Structures are given as structure tokens and as C-alpha cells.
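Thanks for coming. I have one model to go through, so let me put the sequence and structure up before I start.

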Amino acid sequence: MSDDSQVKSEQLPLMPLREVVMFPSAIMPLYVGRESSIKSIEAAQKRYNRRLFLVAQRISKDNPHSTDLCTVGVVSKVLQVLRLPDGTIKVLFEGLYRASWIDLEANGDCPLVRVTPVSDENGNPEENSALVRTMRDALDDYVRVNRKIPSDVVASLQSISEPGRLADAVLPHLRVDPPQKQQALEELDVSRRLEMAYEFLQGEISLAGVEKRIKNRVRVQMERNQREYFLNEQIKAINREMGRDDDPKAEAVELEEKLKTKNMPPDVMEKALSEVRKLRAMQPAAAEYTVVRNYIDWLIDLPWNDLKDIDIDIDKARAILDRDHYGLEKPKERILEYLAVQKLSNGLKGPILCFVGPPGVGKTSLAKSVAKATGRDFVRLSLGGVRDEAEIRGHRRTYVGALPGKILQSLKRVRYNNPLFCLDEIDKMTSDYRGDPAAALLEVLDPEQNNTFMDHYLDLDYDLSKIFFITTANSLHSIPGPLLDRMEVIELPSYLETEKRHIARRHLIPKQITEHGLKEENLHISENALLEVIRSYTREAGVRNLEREIAALCRKTAIRLVENHDLSQCIAVTTQNLHSFLGVKKFRHEGREEESQVGVCAGLAYTQAGGEILMVETSLMIGQGNIVITGQLGDVMKESARAALSYVRSRADVLGLDPKFYRKIDIHVHVPDGATPKDGPSAGITIATSITSALLGIPVLNDVAMTGEISLRGRILCIGGLREKLLAARRGGIRKVLVPKDNEKDVKEVPHEVLKDLLIVYVEHVDDVLPQALDATAETIFSGKRGLADPLYVSLKAQERRGADIPPQ
């Protein structure tokens, strides 16, 4: 121990060290930037004979507390101070002796501590001598593998014979973690300290050996690469001398270069490079060569991580949807909601929507508009008639002519991995012995699974989660339940006549005029003529046939312009001359009766083509209580007719009918247009009203129509398709429509122009319907017992009691 260490306890400035441990007799340069540390150095120079106390921090922080400092440090001397332009200072310290500290004071300009020297503990002299010799030998080994230590430093280390000083001199030169160095600093037993230094030195020697082997291996690899490059250049030169245009191995090199520039997952890159190495070992004439080459081309051409920038602007999307599609307010609102969620969630997963609606309502074109609104590429895949699972998942490479499935083929064409993918006619897939494509789509359309979609051809996981899937269908009935459960269904209803008229004016007529080479002033179609085309020449939910009829008007106009040799002529189409363009009317819509009739009641029906008036006729004949139902009715409608008759029979007393009237007559219920199949429960009150009118002989008002399901108790239940039914009533000249009370909420969604001139009456019970529908007062209709008739079980109990009073014979 030096003479300085014989000083008793004294107070010195404190300077904490981060990630550094100072040792006695060591000379170490440090960069100092903390304000408190700079003040400690300045105080040491001015008042403490250039001495201060350096101690390591347990935790790296700017303002350490006393608990954050180690217990043992080194009293050091400031040898040199150099101030740098950035405000920090470079200080050269010399370690003097070990010391412990107490009484941290931080009230002045710099922190002060009271330090007390600590003395070394001498171990076994023989063991110390052996450790010193062992350490010197280890230093020789270390110098051989690590040339960074100067030779003069090594010579000075070799000259030290004291074990404590030798350990303190060696430890600063070792790349050991600060906690381990601090542990050695705090070790007072010189034998143990030197042994720790020897362990650390052996670890450094082992690491240096590993580093040397790694460097040698890298150097050998670089030499091998240079050798391969030189040999490849020689092969190219030989091929040129022999007149060969292409190098047989150049194709593999070209594929490797393409793969290095491709953004793909690591496992895909590894697989592709493995196939390239396999290709390099093959002869171009080998049959397997083409198979491997095609597989590598598919891996390169697929857009694995290539995403197109998507900017979702809700206002722009709304404008595009409104411009391209008239009406469809609910579907468009739902789409905008999904786009808003995509914008907020940064499009982490593509949604999966299913547009369901009749043919021609614009499902596919709406999907195109969504793609345009989101800035995605549009990809359409028609699934109609697809019956092979391989169409979705692809064939395995073992088959001749194998290819990936249609989904990956489409992504290859579009070159981005986040398009809008429209799976058209998903309800028209079939299955056979080759598999079920609907089952293969379960993985494609599941947001939790499609990030690892496995195509049979690739045999690698492909991420489909960024794709915006939209499916279209005409009906949900033929879509398997598990597949339907993975999609958000958005229903597109059929167009009303008013909507068709707007669509024709805004889209169809200008489009057909342009396609037929006409000018806007060459053709004028009046409003009444356009409405007549919609009503009498088309019967559909969409507008496809309407567009065909408008195209026919354009063709007729074109031939008249050419025949008259006047290309500026204006051809006017009116209701009077419409038949000369399109011929006789193709369809007729049922209207109201000319006058009120007994047993004839107007109902309202909803079909795929829209709403229709459905006349129900009831005729009575002398018979034995039989009921005949005709008109090609479905099972549900037949059950509605039986339920209506049962209710009328149960109310015979209230209606003033003979309770046994059904035994004397046969009842025939017929729904005209017998060639058209009809089904559904919504004609229940219509049939009940028709039967009641025939039994009472009271006509049904000819300007009244109704719709609603009937229960055995006479309650009227809600129905669907109300919007289309009300339009049919208005078109047929109906003035009053009886609607179930439960459908009152649906009337609010019907356009005002449909409700114009219609009186909507909400009914809850058949007793509410009859006074509104029959041409008679309520007193006349309910001419029997007032209130409810006695239940049948009352008369049965009376008969039982009368039978009990008869004495036995």
C-alpha cells in the first residue's frame, strides 16, 4: 500500500462513475459531463490538493442517492484537465488507494464524503507466489491472442511481484462487466482478488480465441467467394470463345439477384434460395428443371409484402358512392362505417363483407366503387359453377401442369397484396368428388386464419389478412352456415320504380346514348314513357332489363336518323308511340277492381321483382264442409288459409253466422294467376277478409289493400317487403292500405313519394280489419253476440253435467 493510504479518514469531493470502475495505481482518462461531477473536480483542484473520491454507481442515473453508490471506491488524483468545445471536460485520473465512505453531504457546491482507507489482507505467501507466476503465464497467452495491449504495458505488468498490486494493474485492461470489476475492487484478500483477476483473464483468452476463429472463417469465405467469382468469369469467357450466347448457370444467378431485391418473409426467401441451389445442380434438359423454374418464378412474382398506399377519405368515398349509385342508402352507410373503422385502426385486417340482393341491383358495381373510394386495386373472381377445391387452393406440384389457386393467380396479376377482392356469386358454388370449394373458402374468409393461408402449390404460408374481401350472392340459403358466419351481410333491396326512374335518367340513358353514337339532343324520352317502360316492359328487381329496353330505344332512334339522313333530328318517345319502338306490352301489373265485390279482396305480395297486388277470391257452394285452395300455393300459404278459416269459424257467433254453417257449404279459395307459384304467410288477413265477405255477403272495398300474417286468435303479425308492397298499392290505384301495427317502424323508411296519396291504417286484430275493409258498418258486420263468444269447453262441461243428472235405468 502507498504512503497516501496511511492518511486517516478525511473529507473529499465525491464523483460517481457510471459503467466504469477505478482501481488503485491505475491511470484512466474519463469524459465528464455532469454538472455536479465538474464541480467536484474544480473543488478538488482548488481546496483538496487535486484529490477526490471516485466510486461506481449501482444504477445508471444522473442524480444518484447514497443507496445507489457502491461501498468501496478509490481516492484518486487529478493529473490533467482538458475542456472540450461541447462543454464536457476530459480528465486524466490516477488511482491512489482503496477507501470506504460515510456521511454523504450534498448541501454545498459539490457532494462531499468522509473516506477511510481500507487495508489489504495478505494470504498464504506460497499460494500468492504460485498465483503470480500463473498470472504472468496467462498474460503471455493473452498477449499472443490480443495485440491491442502495448508491449511496454505488458512489460510493466510482468515486473509486478506483489499479488494485490498485480491484480489491481491487470483488471483495468480486461473487458469485464463493471459489477464484476467492482466485486474484485471490494475484495480485500489479495489471494482471492488475484484469483478473480486470473479467472477473468482466462475468459478473455477464450473469447479472443473464438474471435480469431470467426475472423479466419470469414476470411476463408471471402477468399472462396473471390475464387468463385474468378472461376465464373473464366466460364463466361470460355462460353464466349465457344460461341455460346447464354451461360447455362447464368439463369440461376439471375434468379438469385431477383430474390435478393424481393420483399418476402424469411422462410419464403430460404425456400426460394434452396430451390435455386437445386436448379443450379440440374441440367436444363431435365424434366424437373422446368417445374422448379416455374415454382421459383411464382415465388418471385407474388406480392408477398408489397402493399399499395391506401388513403381513406370518408368525404371522397361518400361522393364516389353517391355518384355511382342512386339510392341504396343503408348499404352505402354501412360501407362508410367500415371504411371509418379501417381508417382508425390503420387497416390492420381487411373486413369481409357479403352483398346480398336480387340480380341487377348493383352488387358488383358497388364493390368496384368501394375499391375506387379506398384507392385499392379491384380484383374479381367469379365462383359461379366452381366445384373443385383446387380452384381455391391450387394443385400440388407433383401433378403435371400444376398451378396455384385462383386467389394467388389474381394477386400475381394485381402485383399488390392489399387489393379489394370481389368473390362474385358465392352462393352458386357446387361440390363433387373433387372437393368442396366452400370448405376451402373457410380459411380464406376467416380474419383469424387467413394470415397463414396454405396454397397446395406453394406449400408455404401466405398472408391474405390485408385484403379487403367482398362477396356477392343472390340468396343466403345456399351458402353453408360456417361460411356465412365469417362474413358481415349487407342486404341490397330491390329498386323502387322511383329509384329506377332516377337511375335511368342519371346513368342508363346517357350511357346508352354514348355507346350508340347518338347525341343527347337526338333522343327525348318523356317521364310517362319512361315509367311505362319500367312498368310494362320490365319486371325485375334491378335495372338490367331496363337498360336493354333503353338500348332498344337508342337502336330504333339510330336507324331513324340514318334513314332520314338527318343526324341532328330529335326523336321523341311518348306513351302514345312507345309501342312502335318496343312492341306490345310484355307485362301487366294487377290493379284494383272496378267496383267492390263480395269475396274478392286485394292483398299485397313481395317477389324478387318487387311488389305486386294479389287478388284473393272466395266462392261458396252447397256442400258438406269441404275447403278447396287453388292457385299453385305453397305450404305456408295453404296453412295461412286454413288458419284464417279456423278463426272465422271460431267467431261465427259474433259475426251472426250459424255455428254449424260449415256443414252446409263448401268453400273455395283461389288466388288468380294460377301459373305463378305463390307462398308466404303475409296473405293471412287477406284470406280471412275474403272468406268473411263471402259468408256475410258484404263486398270488400275495391280501394283497400292489406298485408299481414294471422294467428288463430286473430292477432296480426308483422311482415317483410313493406316498401315494395306500398309501391305496388300506389301503382294499382289503392287508396287505403292496412298494415300490421308492428310494421309501423318500417313505414318511416319508405320514401315520401311512395306514401303520397296513400292512407296507412295500422291494425292489430282481425276485428280491426273487417270494419276498414268491408263495405258495411261494424254493427252490421258483428251482428251476433256482443263481446267474445263463449268458449267451446263451456258447452262441453254443460253437457257433462246434464249427463250426470240422468238417473240410471
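I will start with the whole chain, then take two helices, and finish with a few single residues.

First, the ground rules. This is a predicted model, so local features need pLDDT of at least 70 and side-chain atom pairs count only at pLDDT 80 or more, while totals for chains, interfaces and linings use all residues. Residues are numbered from 1 along each chain as its sequence is written, and side-chain values use heavy atoms, with hydrogens and water left out.

Now the overall picture. The protein chain has 29 helices and 26 strands. Both are DSSP runs, numbered from the N terminus: helices are H or I with at least four residues, strands are E with at least two.

On dimensions, the radius of gyration of the protein chain is 48 Å, whereas a compact globule of 809 residues would have one near 28 Å. That radius is taken over C-alpha atoms, and the globule rule is 2.2 Å times the number of residues to the power 0.38. Along the principal axes, the C-alpha atoms fill a box of roughly 140 × 100 × 70 Å.

Of the 809 residues, 45% count as buried. Buried means under 20% relative accessible area, exposed means over 50%, and partly exposed is in between, with a 1.4 Å probe and protein chains only. The accessible surface of the protein chain is about 42300 Å², and 50% of that belongs to carbon and sulfur atoms. Those areas come from the Shrake-Rupley method with a 1.4 Å probe; for residues, only the protein chains shown count as cover.

Contact here means heavy atoms within 4.5 Å. Take the contacts between residues at least 6 apart in sequence: 74% of them join residues at least 24 apart.

Charges next. There are 112 positive and 119 negative charges in the protein chain, and their mean positions are 2 Å apart. Lys and Arg count as positive, Asp and Glu as negative, and His and the chain ends are not counted. Each charge is placed at NZ of Lys, CZ of Arg, CG of Asp or CD of Glu.

On to the helices, beginning with α1, residues 35-47. Does its length come out right, or wrong? What should 13 residues span at 1.5 Å a residue? The expected span is 18 Å, and the end C-alpha atoms of α1 are 18 Å apart, so the two agree. The expected value is 1.5 Å times one less than the number of residues. The buried residues of α1 are S37, I38, S40, I41, A43 and A44. They pack against five strands by name: β1 (10-17), β2 (27-32), β3 (51-56), β4 (72-83) and β5 (89-105). After α1 comes N49, with a positive phi near 55°.

The second helix is α12, residues 363-374. From first C-alpha to last, its 12 residues reach 17 Å, close to the expected 16 Å. Buried in α12 are K363, L366, A367, S369, V370, A371, A373 and T374. Their cover includes the helices α10 (314-324) and α11 (329-344), together with the strands β7 (352-356), β8 (378-382), β9 (420-424) and β12 (468-473). G375 follows α12, and its phi is positive, near 75°.

One residue of β12 is I470. Is I470 buried or exposed? I470 counts as buried, because its relative accessibility is 0%. Leaving out residues up to four places away in sequence, I470 touches L353, F355, A367, V370, L420, F421, C422 and L423. Two of those contacts, A367 and V370, are also among the buried residues of α12.

G385 sits in the loop between β8 and α13 (390-393). At 44% relative accessibility, G385 counts as partly exposed. Beyond its neighbours within four places in sequence, G385 is in contact with K428 and T430.

Last, two residues with positive phi that are not glycine. S25 has phi near 70° and is found in the loop between β1 and β2. With a relative accessible area of 53%, S25 is exposed. D757 also has a positive phi, of about 70°, and lies in the loop between α26 (752-755) and β26 (759-763). D757 counts as exposed, at 56% relative accessibility.

That is the tour.
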